[in-house]
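Visitor: I would like a close look at a single part of this model, namely the aromatic rings and what surrounds them. Please keep the account plain.

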Amino acid sequence: MRLGRIDVPLPDMPRLGLAAFRNRIVFHLVFIALALATLALAVALLNEERQRNAQRYQQTFAKSLAGVVAQLRHPSGQLALMNPELPQVEPGWVAPLVLPFAAIDFDDATKARRAVEMAGCALPYPDGASLCAAVGSNAYAGGFVYLVASLDAPPLVSRARGATDLADAHRARISLRQGGVEQHWLAPVEALDAYRGQLPGFAVDAADTATLPRKARPQRDFRGWVWREGPCLAGGKPCARRTTISIRLPVEAFREALFRPGGPQWPPSDLARTGLRLALLGPGGTTLFDSASASVEAPLTLPRLAATLAPGETLQIKRGANVVALLQAAEEAGAPPSPWLTALIQHLPAPATPRQLSAQDSVKTPAGRFDITLTGDLQGLDRSLSASAARLAWPVGAMLASIALAWLIIEVGLIRRVAVLTKRAAALSHQLQAPERFELGMLDVADLRGRDELGILAGSLADLLQHARDSLRREQLRAEREHDQWHAVGHEIMSPLQSLMLLHAADADPSRRYVQRMQQAVKVLYGQASPSEALAAATLSVGRLDLDAFLRQVAENAAYAGIADVTYTPAAEPVWVQADEYPLEDAITHVLSNADRYRVAGTPITLLLEVAGELATIAIHNQGPQIADEQLAHIFDYGVSDAEPHDSQRRGQGLFVAKTYLAKMGGSIAARHVADGVVFEIALRRG
């Protein structure tokens, strides 16, 4: 015979003490402490770096301003200060700059080149050529524009004296655009010797590139020189040498600006919109140099100083009350600062240095005094540190991820499985400690089995419990078969014994005593079954019942059950309820028997039917002693009776049977005291 598996659900989990979770709590706290220590270490290093950056920045802040001022005091820096406005000329034209010198000594090649190099006004061109277009800083030096060009050129062909056709000679063509009006000059080369020549300037039309007007005379204030110096640049012929061209170009509009009412205005207001163009033309229409031939990089300007500033720094340049330039440091290239890291850094303990630093200095130029103010903000350092820390966040994140992964592997792979096994074992132990239970629950470890130590332990416990359950099931089946055998024997014996009682009905019959003893013995054997189990297994057929007619019948037949003087007052109309007739009669009979036993002799037992809402209530009243208060709540429990132990007819199960039957019909029963006795109330749902 194969035994079935008993799946008894586990009861509620018992409440475990703190000791049951101590190791798990310690394990979690260790990992939390490890993660917090990693974060604390990263934050501490970040704060230390912030403090160090702030101290280092405070120490170098004054040096930063000194470096900027030194750069501005150099002639190239003064050139930037004196030309803060960007040129507004069209591409191909060069705007003249205001020099930090009163004028250029254009008659001396060495001095002209040195002035250009110091001022840094030369615009670089391909093949090493350069051009500086500038005006002097002194208004009284005259309204001239200086053009100094340097390039590699072959021997220059000189113009024949008095010739107007310049097609076979080298010549410089200069164009000036101012206020929408253009002026043009041709300056042919007139060699003085093999290394030096002069450039007389002739005013021409725009179309003239190789021909001078008849009877043209050179402009008086136009001066130009050309010098060829150094060794030959290439081994072949003709011999190319480094050539310098220096021109002083008179501008009538600039001269007029010097004599306007209110004093000279210098530099002219339209200087940034004045365009110049220089080209060196050769025989046969060749071009050795053209300032419009390629885009060039402008000399040092104030916006370029922003590249020398540290993050968070602002450079203000003022000339008197006017702000010449306001420069701010650009953000560092590379990874942008992280917003959340920046917020974290700003919430760290503030460094000992001030949040904002400021330093001032001044630069004197021919155009006047410029006040330089450098302002530093540590927030710029915070953003820079945030960008650097963002790259270090990955190692910290990897460490935290490793800690989390280790915690997850141990938690899910071991600790959680141990906790599950502990809870299930505790629930099973709690079940076994209940005295009213005799089944063994199932320790479900299907999800915990495995080849590791915990899986083997869980499987062994489950197998051991299953073996104990199988043994218990076999014992239960044996007891059930034995119980059925006793019932069968009792049933088979009771029938002939009942017949014998009829044959020996007389009290004087000596056999009657032995038959009664045999009946008592069979009742003892038959009574081995539990009444609660038998009642729980009983099935009732609940239907509609006229309770008024039913109670009339019960009152009329009560005398046949040995209960005399039961009265009932009929209702005016039928009262339909949901009930099973025979179990209900059995329940009421048990209550009547109990009332008959305790009523005062000669007093009736009254039945009263009351209807209220969805319930119909039967009140059974008897006059007699009241039930003790401490026993009133337990009289419907099985085995509760005030009968003597030798009274085998009263075993305390009548009221228990009544309560059980009524519960199966959806009704209820209760007892209460009245002035002259006890009232039992049976409530049924109306149909």
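Is Trp-227 buried or exposed, and what is its relative accessibility?

Guide: The model is a predicted one. In it, Trp-227 has a relative accessibility of 8% and counts as buried, because the cut-off for buried is under 20% relative accessible area. Trp-225 is at 19% relative accessibility, so this residue also counts as buried under that cut-off.

These two residues belong to a wider set: a search of the whole structure finds five aromatic pairs. One of them is formed by Trp-225 and Trp-227, with 6.4 Å from centre to centre and 20° between the planes. The pair is classed as stacked because planes under 30 degrees apart count as such.

Another of the pairs joins Phe-636 and Phe-680. Here the ring centres are 6.2 Å apart and the planes stand at 85°, so the arrangement is edge-to-face. This pair links distant parts of the chain, the two residues being 44 residues apart. Phe-636 lies in the loop between α12 (629-632) and α13 (654-664), while Phe-680 lies in strand β24 (residues 677-685). Phe-636 has a relative accessible area of 9% and is buried. Phe-680, at 2% relative accessibility, counts as buried too.

Aromatic rings also have charged groups over them in this model. The charged end of Arg-248 sits over the ring of Phe-144, 4.1 Å from the ring centre. Arg-544 lies over the face of Trp-576, and the distance to that ring centre is 4.5 Å.

Methods. Residues numbered from 1 in each chain as written. Predicted model: local features only at pLDDT ≥ 70, side-chain atom pairs only at ≥ 80, totals over all residues. Heavy atoms only, no water. Phe/Tyr/Trp six-rings, centres within 6.5 Å; stacked < 30°, edge-to-face > 60°. Buried < 20%, exposed > 50% of the residue type's maximum accessible area, 1.4 Å probe, protein only. Helix = DSSP H or I, 4+ residues; strand = E, 2+ residues; numbered from the N terminus. Lys NZ or Arg CZ within 6 Å of the ring centre and 35° of its normal.
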